[in-house]
Amino acid sequence: MSGQDIDVTLERIALIRRLVVAWNTGGEGAPIVHPDAPYGSAAWDEDIANVTGDDEGAAEEHRAVGAALAAFVRHAVLKPGRYTYHNPLEKLDTRDVGDVFRDAGTGRSPAQITFDVTAEHLRLIPHLAVAWDEAWAVPAVDTARPYGGTDLAATMAGHLGVAPGETARLDRLHHEMQPALQIFLRYADIAPGLYR
C-alpha cells in the first residue's frame, strides 16, 4: 500500500484474523473484505473496540488494519494443507460482493468450508495487490491488476512458473483465492513488528 514501515501489532493481527473475505466481481474479480461486515458484524467499530479496548479511533484503526493486511499477505507464512473454517459469508448479504461458494440456484453459502490450500495458492498470495478501496472503505485486492500486472493469466503464470496458456487452471486458481486468503488470514503465522 505504501513504501513506509507498517506496524503490525498484536491487535492488528487479531483483527486481520477476523476479516471476512468476499469476492469483488468487478474487473477480473478479486478478494475484498466484506464492506458491510469487515470483522463479521455490521457494528465494525464495536468489533475493533472489542479487540483494542479503545472506543475511540475505530476509523483510524480500521484503515491501519488495511495497511497491516498488505504487510501480512507479503510476510506471513502458512503450510499447504487441508483447512476447515466456519464460513462468515453464510449469513451475510452478498448482493454487492460475491461468494465463490454461493449456490446460484438457492442463493445459499455453506456453513463450513473445507479447502485444500496448495503451494500454488501460497505462491500467489504475497503478490496480491492489496490496497485501500475508498469507495467501499475496506482493504481490497485491485480487480484490474490482482497480482500486479494487467494481463491476469500472464502475471499469474509468471509468479507460478507455468505456461500462461493454461487459462482454465489459472482461472480456477484465481477464484480459489477467496477461500485461500480467508484461510491464510486465519491461520498464517507472523510476528508483530514493523514491515514494508
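In this predicted model, Glu134 has a relative accessibility of 55% and is therefore counted as exposed, since the exposed class begins over 50%. The side chain of Glu134 meets that of Arg63 in a salt bridge, with a separation of 2.7 Å from N to O. This pair links distant parts of the chain, for Arg63 belongs to helix α3 whereas Glu134 sits in the loop between β6 (130-133) and β7 (138-141), and the two residues are 71 residues apart. Arg63, at 39% relative accessibility, is counted as partly exposed, so that an exposed residue is joined here to a partly exposed one.

The salt bridge between Arg63 and Glu134 belongs to a set of 7 in the structure. In general terms, side chains of opposite charge can pair when their charged atoms come close. Another member of the set is formed by Arg196 and Asp5, whose closest N and O atoms are 3.5 Å apart. Because Arg196 lies in the segment after β8 (193-195) and Asp5 in the segment before β1 (6-8), this salt bridge ties together parts that are 191 residues apart in sequence. Asp5 has a relative accessibility of 42% and is accordingly counted as partly exposed.

A further salt bridge brings together the side chains of Glu166 and Arg169, again with an N to O separation of 2.7 Å. Salt bridges with shared partners also bring in Glu120, so that Glu120, Glu166 and Arg169 form one network. Within this network, Glu166 is partly exposed, with a relative accessible area of 30%, and Arg169, at 25% relative accessibility, is likewise counted as partly exposed.

Glu176, by contrast, is buried, its relative accessible area being 16%, which falls under the 20% limit for that class. Glu176 is located in the loop between α6 (167-175) and α7 (177-187), and, when neighbours within four places in sequence are left aside, it is in contact with Phe115 and His121.

As for the nonpolar interior, the largest nonpolar core comprises 60 residues, and those with the most contacts inside it are Phe184 and Leu185. Helix α3, which spans residues 58-75, gives the most to this core, with 8 residues; Arg63, described above as a salt-bridge partner of Glu134, is also placed in helix α3. Apart from neighbours within four places in sequence, Leu185 is in contact with Ile16, Arg17, Leu19, Val21, Leu69 and Phe72.

Technical notes. Residues numbered from 1 in each chain as written. Predicted model: local features only at pLDDT ≥ 70, side-chain atom pairs only at ≥ 80, totals over all residues. Heavy atoms only, no water. Core = buried A, V, L, I, M, F, W, Y, C linked by side-chain atoms within 4.5 Å. Buried < 20%, exposed > 50% of the residue type's maximum accessible area, 1.4 Å probe, protein only. Helix = DSSP H or I, 4+ residues; strand = E, 2+ residues; numbered from the N terminus. Contact = heavy atoms within 4.5 Å. Salt bridge = Lys/Arg side-chain N within 4 Å of Asp/Glu carboxyl O.
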